[in-house]
Each structure stands twice: as structure tokens, then as C-alpha cells.
Amino acid sequence: MSIRLFAVLFCSLYAFLISASPGFAEEPRSPIRIAPETTYITEPLKQNGLPDYAAALNARMSEGITPETNAVVGLWQVLGPKLSGLRMEIDRPMSDAVGIEPLPEEGDYLVPSHQFFQHFITERAPEATPEQTEFLWNEIEKRFEQTWNEPWRRDDFLEIALWLDANDVPFAQVEAAVQRPHYFRPVAFGTNTPPEDQLLMLVLLPDVQHYRQLARMIMARAMMHIGEGELDAAIRDLTTVHRLAYQVSRGWTLVEFLVGGAISEMAARGDIALASHPELTAPQAAAYRRLLTAFGPQRSTLVEQVSGGERFIALDSTIALAAGQNIEAGMITENDQVGDVIAWLAERPQDWNTALTVINGYYDRLSRILRETSVRTRAKQLDQLAKDLQKVRTQMLLPETRLELVTAGPQRRGDAMGHLIGSTLTRQIQYMDRWLGRYETRLTLSITALALAEYRSLHDRYPPALNELVPKFLPEVPDDPYSGDPLQYRTGDGGQSAELASLGRDRIDDRERFREEFLDEQIMDDLRVTLGSLAVPASR
């Protein structure tokens, strides 16, 4: 047996014996000090004197907002009580928070696929067996995925077109809802949820995932309009999808940020298909390009979500641990080793105010990095943060550290708890910057592609270089938000086709990598769009 292995086993056994010893004196839990450096907010407070983070978030987000100016209300009125999740026990709390009555059971709500196609299949194939019905469902799903990814004609997928027709009224309501100036999706708990379970990390988001499906449906109609050459109608639908992405990404959670970003990427596919259409006029391209400059997930929103919502989740969960509430370490991390250490520490006397202060330090640092305007400086700082987080986690999991914490004082344990929770919860958040860079790059590619389409409409070819677009079509040659480098650009076919590309954060052309590297999807981060040809499937 090696000396190191013997030392590790000895330390682990010693730690266990001391911590399990009847003579090991437990001190009372330290009270939470309400102060900016610990709880971050000093009001409002719950009846038990602890911070009410849900009420604080709602107060921040709802200021000056009415039901008529709140996009969320309009979107709920499209989804209805079933799809929005408001039939659950959060119905009354959510409705009260936004200032409306609960939604009626019946209305001109979105017609979901299962509702429409169940009737469609029954009507067209009444004798179908369960196996045949399942096959038809799978075929419809495949066709639907194709329709929101590329241009098509009505006769190609008539059943999909009929489903979209059935949603004309809800789609018009979405178009109106996303033009409202505010997005306030309140933090609310069910009427039967006990106080100890009212934690931010347990808040339900039943409606948010439905926004992604709603976007797919409107995208399918936009792609049909492009395939049919109805470009004004396509622009109208694409604008609605971009606005939906922008609205959803403004929520208080990173889940909404990611869903909004995913919707934004859907819209970007339509932008490129539109820009490639040979009948797109210069005025159409210019007007739509100007609209796009206001859309997409914003860096200021991400910073606010990290500094506010995500910080509040961390502090709220830590205070719940300190108070002995019904929370498990597994709710904080999926890593069993980290979870075990957090649970072990939570059972021992410590200075929870020190833990909270350390956690705030992590969120302060991450917020400062995300505010950095220089792409390269921000990337370096995020890389250093990643190294520091890994170092902390590795150190905290050492048996020697566990032994030290057995005999350490409350302040040292609180410091360890703060580092464990802070490093765990901010570890994944740091990658949000890369996702934001991806969304921003997609939008930049869309705007640049439309400027190229505008140029092509006037000159019957694409420009030989991007600087030809300045200043008439673009104020300056666009940089790649993902890396800070200029976008890659080349033309072909005598100026009749063009390619725009971002080389991603690594600034490496993925086409030049070694073949075996292609097995690693993590390093494949190029974003490319090709202009000059419109791929419309031939009618069946």
C-alpha cells in the first residue's frame, strides 16, 4: 500500500470516528444576518425574518407593468389554461400576480398537434390499427420538423398547412402579444405548497417550454410563405418569432434565456432562407434588416439574470439549508461527491453568514466578467474562472480537507460551504456567455445576409468583399460576436453565390481539422450560411 493511500484512508477513518463520537459537541445554528454582503437584499422579509426572494423578484419585475403591457399575459391567453399550466394549483397565485382573472376553460386557444391530428387521423383512417396510428403520428412529426427548418409549398404537406390554418387566430394573438413592451412572468407557488417548500429552485415553468413549440409552428408557416413566394407574409411571421425570442429571454431564469435563444436560432434559419430568395427586393431586405437590430438575447439581460435571479436561487437554497428546511444537497448539484460533502457539512456547526458572503463573491465575480465588453478579455477571464472553480472543487473533495473540517471552527466550515455551493452553481452559468455569443452571432449573420441580399437585388451579384456594404447597407464591417474577429466571407459562381462564416470562439476553421477531431462535437463551433440558392422541396 502506498504512503499516500494509507494517509488518505487514515484521514477518512479518523474524520468518521471523530464526527460520529458521542463526545463531539454540536453548537447551535448561527442566525442569518440580514445585510447586503450576506443576504444581498434586506427587504422584503418573510414572517420568520428571512429574506423573501420571490417577493423581491416580483417587485423588481412588475414595477409599472399592467396586464395590457405584459407580453406574458397575452401569451397565456394564446396557450390557454391547459398548455400554460395554469390549471395547476399555481392558477390563482399566477393570475393574481399579473392582475388578471383565471383563464376560462374554453376560448380561441392554440390548437396543439395532438388535438388536431388525432381528429385528422381518425377522420382519414377510421379503421387504422394502433400500430398504424402510431406510424402516422411519427410521419406527421417528421414532416412537421421539416416544415420549420426549410422552405416548402402548401401542397407538399397539406395536413400541416391545414393545422396551421386552424391556428390563424392564435397566431394573430401571438403577433400582438409579443409587441407589448414588458415581459413579467411572476414567481409564484401553489396554494398548497408549504412555506418550507417555497424555494426559488422549485418554481414551476409549465408554460415556458410551450413557447418553443409555438415558435416552431409560426416558423413552419413562415417557411411555407417563403416557399410560396409570399415574402411580406414570411417577414411578418419571422418578425413575430424574433420578438417571441426576445420576450422570453427577458425572464428572470436562465431557462427562459436558453429557450429564448433557441427560438432566436430557429428564426435565423428563416432569415437565411428569406435572404436567399431571388425575389426578395432591396426595400424588403432593408426594412427587415432594420427590425432585426432590436432583437435577440441581450448581454444586459444575462447579467441581470446571473446577478439577480440565479444569485437569489443560490442564497435562498443556502438559507434553507441553514434553517434546516426540507432541501437536499442533490437539489444543488448532480455530482454525488459534492452533494455528500455539502450534506455532511450542513449537519455541522458553521457560520452560515460566512458561507453567504463567499457565495456572493462568486456571483459578483461572474457578473463583472459578463459585463466585460472585450470579447477576448472576457474569454480569458472566463477560462481563468473555470480553472479556479475546478481547483476549488478538487480541494474540497480531498479526504484531508474533510479531516480538517471536522476539527475546524464554524467560520472555516462556513467558508468551505460557501466555496462548495458557489463553485457548483456558477460552474454551469459561466458557459451562458458562449451561448449568448452563439445567439448574437446568428443574429449578426442574419443582418449581414440581408444586407448582402439588398446589395444583390440592386447589382445582380454579391459584393466581392464585405466592406462594399459600408456605409450604404451597414454602418461598419461586421465583427463576429462569438470571437471578436471579422466574419469570414467569400463569393462564388461569379458573384452569384456567397458564404458567411463565424469560426467560433476557438477561431479555427472546422473544415481544416483532422478527421478524428470531428468525433468531438464540443470543438465544432463554426457557424456558416450560404446564399444564392433557394432549396424548396419539389411537390410530391
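Helix 13, which spans residues 299–322, gives the largest share of the lining of the second largest cavity, namely three residues. In this predicted model, the second largest cavity holds about 50 Å³ of space, and its walls are made by Lys-46, Asn-48, Leu-50, Pro-51, Tyr-53, Asp-316, Ile-319, Ala-320 and Gln-325. When these lining residues are sorted by character, five are nonpolar, two are polar and two are charged.

A search of the whole structure returns two cavities of 30 Å³ or more, and the largest cavity has a volume of about 80 Å³. The residues that line the largest cavity are Arg-299, Val-375, Arg-378, Ala-379, Asp-433, Arg-434, Gly-437, Pro-481, Tyr-482 and Arg-505. Two elements, helix 16 (375–396) and helix 19, each give two or more residues to this lining. By character, the lining of the largest cavity divides into five charged residues, four nonpolar residues and one polar residue.

Val-375, one of the residues that line the largest cavity, lies in helix 16 and offers a useful point from which to follow the chain. Once its neighbours within four places in sequence are set aside, Val-375 is in contact with Pro-481, Tyr-482, Ser-483 and Gly-484; among these partners, Pro-481 and Tyr-482 also belong to the lining of the largest cavity. The C-alpha atom of Val-375 is separated by 5.6 Å from that of Gly-484, although the two residues are 109 residues apart along the chain.

Helix 19, which covers residues 432–459, leads from the cavity to the sheet: this helix lies across strand 1, strand 2 and strand 3, and runs at about 15 degrees to strand 3. The sheet itself is open and has three strands in the order 1-2-3, with antiparallel pairing. Its edge strands are strand 1 (488–492) and strand 3 (527–531), each of which pairs on one side only, and from one strand to the next the twist averages 15 degrees. As background, the strands of a sheet pair through backbone hydrogen bonds, in either a parallel or an antiparallel manner.

How are strand 1 and strand 2 connected, and how many residues lie between them? They form a hairpin with four residues between the two strands, and within the turn Asp-493 has a positive phi of about 55 degrees. Strand 1 and strand 2 run antiparallel and are joined by five bridges, and Gly-492 has Ser-497 in strand 2 as its bridge partner. On the other side of the sheet order, strand 2 (residues 497–502) is joined to strand 3 by five bridges, again with the two strands running antiparallel, and here Glu-499 stands opposite Thr-530 in strand 3.

It remains to consider how far the coordinates can be trusted. The mean pLDDT of the protein is 86, and 88% of its residues reach 70 or more. Over residues 514–519, however, pLDDT stays under 50, and the model has five contacts for this stretch beyond four places in sequence. Residues 534–540 likewise have a pLDDT below 50, while this stretch has 26 contacts in the model beyond near neighbours in sequence. Where pLDDT is low, the predicted coordinates should not be read in detail.

Note on methods: Residues are numbered from 1 along each chain as its sequence is written. This is a predicted model: local features need pLDDT of at least 70, side-chain atom pairs count only at pLDDT 80 or more; totals for chains, interfaces and linings use all residues. Side-chain values use heavy atoms; hydrogens and water are left out. pLDDT is the predictor's confidence in each residue, from 0 to 100. Contact means heavy atoms within 4.5 Å. Two strands pair if DSSP finds at least two bridges between them. Axes are lines fitted to C-alpha atoms, for helices over the stretch in contact, and angles run from 0 to 180 degrees between N-to-C directions. On a 1 Å grid over the protein atoms alone, a cavity is a set of points where a 1.4 Å probe fits but cannot get out, and a pocket is an open set with protein on both sides within 12 Å along at least five of seven lines; lining residues have an atom within 4 Å of a point. Grid points are joined across faces, edges and corners, and a volume is the space filled by probe spheres set on the points. Ala, Val, Leu, Ile, Met, Phe, Trp, Tyr, Cys and Pro count as nonpolar, Asp, Glu, Lys and Arg as charged, and the others, Gly among them, as polar.
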